[in-house]
Amino acid sequence: MAMRTVTYKTQGTCSQFIEVTVDDNNVVQDVQFVGGCNGNLQGICSLVRGMKVEDVKRKLDGIRCGMKTTSCPDQLCRALDQLG
């Protein structure tokens, strides 16, 4: 099974980068955040692993962090967008 991986430089969040790997069936196989709130981001990674990309985006797209216009979950959606 072929895998697609992207390393995405986040914007507007405490995390700096997201590396996400998706398989041929558009299922998230791995997510790693660099920087940010370690415990919360480990939880997000664990929850989205095994989910279809479109389901992740439906649940997380547009989530904001405080007064910011984005969040780490929202930036994960931007990273998934990069995979096409």
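These are my notebook entries on a predicted model, covering its cysteines, its largest pocket, helix α3 and a few single residues.

**Entry 1. Cysteines**

I began with the disulfides. How many disulfides does the model hold? The count comes to zero. I took Cys 65 as one case: its sulfur has the sulfur of Cys 14 as the closest from another cysteine, at 6.4 Å, which is too far for a bond. The cut-off I applied is 2.5 Å between the two sulfur atoms. Cys 77 is in no disulfide either, and its nearest cysteine sulfur belongs to Cys 72, 12 Å away.

I then looked up how open these two cysteines are. Cys 65 has 41% relative accessibility and is classed as partly exposed. Cys 77 has 0% and is classed as buried.

**Entry 2. The largest pocket**

I turned to the largest pocket and noted a volume of about 150 Å³. Which residues line the largest pocket? I listed Thr 13, Cys 14, Gly 36, Cys 37, Asn 40, Leu 41, Ile 44, Cys 65, Lys 68, Ser 71, Cys 72 and Pro 73. Cys 65, from the first entry, is thus one of the lining residues.

By class I have seven nonpolar residues, four polar and one charged in the lining. I also checked which helices take part. Both α1 (38-48) and α3 supply at least two residues of the lining. The largest share comes from α1, with three residues.

**Entry 3. Gly 36**

I picked Gly 36 from the lining of the largest pocket. Gly 36 sits in the loop between β3 (28-35) and α1. Its relative accessibility of 34% makes it partly exposed. With neighbours within four places in sequence set aside, I find Gly 36 in contact with Cys 14, Ser 15 and Leu 41. I also took its distance to Cys 72: the two are 36 residues apart in sequence, and their C-alpha atoms are 8.0 Å apart.

**Entry 4. Ser 71**

Ser 71 is another residue of the pocket lining. Where is Ser 71 found? I place it in the loop between α2 (53-60) and α3 (72-82). Is Ser 71 buried or exposed? Ser 71 is buried, at a relative accessible area of 4%.

I followed its side chain next. The side chain of Ser 71 reaches the backbone oxygen of Ile 63 at 2.8 Å. A side-chain oxygen of Ser 71 also comes to within 3.2 Å of the backbone nitrogen of Asp 74, at the start of α3. Leaving out residues up to four places away in sequence, I noted that Ser 71 touches Thr 13, Ile 63, Arg 64 and Cys 65. Thr 13 and Cys 65 are themselves in the pocket lining.

**Entry 5. Helix α3**

I went on to the helix that follows Ser 71. Why do I call α3 largely enclosed by the rest of the structure? The reason is that eight of its eleven residues are buried. I wrote these down as Cys 72, Pro 73, Asp 74, Gln 75, Leu 76, Cys 77, Ala 79 and Leu 80. The cover over the buried residues of α3 includes β1 (3-9), β2, β3, α1 and α2.

Gln 82 lies in α3 too, but at 55% relative accessibility it counts as exposed. Not counting residues up to four places away in sequence, Gln 82 touches Val 6 and Tyr 8. I also looked up Gln 82 against Phe 17: they are 65 residues apart along the chain, with 13 Å between their C-alpha atoms. After the helix comes Gly 84, with a positive phi near 80°.

**Entry 6. Asn 26**

I checked a backbone angle outside glycine. Most residues other than glycine have a negative phi. Asn 26 is not a glycine, yet its phi is positive, at about 60°. I find Asn 26 in the loop between β2 (15-23) and β3. Its relative accessible area of 29% puts it in the partly exposed class.

**Entry 7. Ser 46**

My last look-up was Ser 46, in helix α1. Ser 46 is partly exposed, with a relative accessible area of 46%. The C-alpha atoms of Ser 46 and Ala 2 are separated by 21 Å, for 44 residues along the chain.

Technical notes
Residues numbered from 1 in each chain as written. Predicted model: local features only at pLDDT ≥ 70, side-chain atom pairs only at ≥ 80, totals over all residues. Heavy atoms only, no water. Buried < 20%, exposed > 50% of the residue type's maximum accessible area, 1.4 Å probe, protein only. Helix = DSSP H or I, 4+ residues; strand = E, 2+ residues; numbered from the N terminus. Polar contact = N/O pair within 3.5 Å; in protein donor to acceptor, adjacent residues only side chain to side chain. Contact = heavy atoms within 4.5 Å. 1 Å grid on protein atoms, 1.4 Å probe; cavity = no way out; pocket = protein on both sides within 12 Å on 5 of 7 lines; lining within 4 Å. Points joined across faces, edges and corners; volume = space filled by probe spheres on them. Nonpolar A, V, L, I, M, F, W, Y, C, P; charged D, E, K, R; others polar.
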